[in-house]
Amino acid sequence: MPKKSATTSLADEQAAPGGAAAVDKAITVLAAFRAGDGSLSVTELAERTRLYKSTVLRLLASLAHGRLVQRTADGQWSLGPEVARLASIYAASFSLEDLVMPEMRALMERTQESVAFHVRQGDQRLVLYRVDSPQLLRDHVRAGDLLPLDRGAGGRVLMAFAGAKGRMYDKVRRDGFVMVSGDRVPGLVGISAPVWNAARELVGALTLTAPEQRVRPSFADELRRSAQALTGLLGG
C-alpha cells in the first residue's frame with residue numbers, strides 16, 4: 001500500500017463536493033498547464049499538482065486516450081487537440097454582448113456610474129456597448145460613437161496594450177489599469193482596464209466614467225474586479 005503523502009494535493013484541496021476524486025485529480029493535471037507552457041515533464045506536473053508521479057502517469061494515460069493531452073517527441077506532455085475542439089465549441093456558444101452586458105450592468109449598479117466597453121477601430125476607439133448612470137450629470141456618450149484613441153481612459157488602455165511607448169503607457173501596463181481626469185472632457189474621470197481572451201488577445205477596454213466630485217476610491221477596485229471577471233469568462 002503506497003505511503004500517504006504528507007503534502008495535500010491540489011485535487012484534495014479543491015475537491016468538488018460529492019464529486020469523483022479521480023476526475024478532480026485529472027482536472028488539476030490539465031489546470032497545471034499555464035500560459036506560455038509548450039510542454040511539461042511528468043516531474044513538473046507532479047510538482048504543480050502535488051500528486052505522486054505514478055498517479056500523474058496514470059492520469060496522463062487516460063487523458064491521452066481522450067486526446068486531452070498528447071506526448072511530445074522528447075517525452076514531455078502538452079495539451080491535446082480535444083482541448084482546442086472544446087474551446088472552439090465554447091467560444092461559439094455565446095456572443096460577446098451576452099457576456100459583457102450583464103457584468104457592465106452589475107458594475108453600474110455597484111457604482112451608480114456609466115460603464116462602456118471600447119474596442120479599437122483604426123485610429124479611433126468604438127463604444128461597442130454602453131450602460132448609462134441613472135444620475136442626470138454624466139457623460140452622454142452612446143454605443144456606436146467613435147472617440148479619440150489618444151485621449152480618455154479607454155483609449156489609453158487600448159494603446160498601452162497595443163505597445164504604445166511612453167511613461168504613461170508603461171505605467172498602464174505595469175498597473176493593469178488607468179485612472180485619468182480631464183483627459184478627454186474637463187471634470188470627467190475615466191477608469192479603464194483591459195479584458196483578455198483565452199488566446200491572450202486584448203478583446204477591449206472596460207471603462208467607468210464619472211464626474212470628479214462623485215469619484216470614490218473604491219471605483220478602481222470595482223472596475224478591475226469586473227474586468228477580471230470578464231477576462232475569466234472569456235478564458236483569459
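What follows is a short back-and-forth about the helices, the sheet and two buried residues of this predicted model.

User: Let's start with the helix pair H3 and H4. At what angle do they pack?
Analyst: H3 covers residues 42-49 and H4 covers residues 53-65. Their axes sit 9 Å apart. H3 is roughly perpendicular to H4, because angles of 65 to 115 degrees count that way. The packing angle is about 105 degrees.

User: And how do the residues of the contact of H3 with H4 divide into nonpolar, polar and charged?
Analyst: On the H3 side you've got Val 42, Thr 43, Leu 45, Ala 46 and Thr 49. They meet Lys 53, Val 56, Leu 57 and Leu 60 in H4. Sorted by type, that gives six nonpolar, two polar and one charged.

User: Over to the sheet. Which strands are its edge strands?
Analyst: The sheet is open and has six strands, with antiparallel pairing. Reading across, the order is S5-S4-S3-S8-S7-S6, and the twist averages 35 degrees from one strand to the next. An edge strand pairs on one side only, which here picks out S5 (146-148) and S6 (178-181).

User: How many bridges join S7 to S8?
Analyst: S7 spans residues 188-196, S8 spans residues 202-211, and the two run antiparallel. Val 189 has Ala 210 as its bridge partner in S8, while Pro 194 stands opposite Ala 205. In total, the bridges joining S7 to S8 number nine.

User: Which residue in the turn of that S7 and S8 hairpin has a positive phi?
Analyst: There are five residues between the two strands of the hairpin. One residue in the turn has a phi of about 60 degrees, and that's Arg 200.

User: What is the bridge partner of Phe 117 in S8?
Analyst: S3 (residues 114-121) also runs antiparallel to S8, with five bridges joining them. Phe 117 takes part in this pairing, and its partner in S8 is Leu 206.

User: How many residues of S8 are buried?
Analyst: S8 sits between S3 and S7 in the strand order. Helix H9 (residues 218-233) also lies across S6, S7 and S8, at about 25 degrees to S7. S8 is largely enclosed by the rest of the structure, because the buried count among its ten residues is nine.

User: Is Leu 223 buried or exposed?
Analyst: Leu 223 lies in H9. Leaving aside neighbours within four places in sequence, its contacts include Ile 191, Ser 192, Ala 193, Leu 206, Thr 207 and Leu 208. Its relative accessible area is 0%, and the cut-off is under 20%, so Leu 223 is buried.

User: What about Glu 113: which residue's side chain does its side chain make a polar contact with?
Analyst: Glu 113 is found in the loop between helix H6 (96-111) and S3. At 2% relative accessibility, Glu 113 counts as buried. Beyond its neighbours within four places in sequence, it is in contact with Met 108, Ser 133, Gln 135, Leu 208, Thr 209, Ala 210, Pro 211, Arg 214 and Phe 219. The polar contact, at 2.7 Å, is with the side chain of Arg 214.

Key
Residues are numbered from 1 along each chain as its sequence is written. This is a predicted model: local features need pLDDT of at least 70, side-chain atom pairs count only at pLDDT 80 or more; totals for chains, interfaces and linings use all residues. Side-chain values use heavy atoms; hydrogens and water are left out. Axes are lines fitted to C-alpha atoms, for helices over the stretch in contact, and angles run from 0 to 180 degrees between N-to-C directions. Helices (H or I, at least four residues) and strands (E, at least two) are DSSP runs, numbered from the N terminus. Angles under 35 degrees count as roughly parallel, over 145 as roughly antiparallel, 65 to 115 as roughly perpendicular and the rest as oblique. Contact means heavy atoms within 4.5 Å. Ala, Val, Leu, Ile, Met, Phe, Trp, Tyr, Cys and Pro count as nonpolar, Asp, Glu, Lys and Arg as charged, and the others, Gly among them, as polar. Two strands pair if DSSP finds at least two bridges between them. Buried means under 20% relative accessible area, exposed over 50%, partly exposed in between (1.4 Å probe, protein chains only). A polar contact is a pair of N or O atoms within 3.5 Å; within protein, one must be able to donate a hydrogen and the other to accept it, and residues adjacent in sequence count only if both atoms are side-chain atoms.
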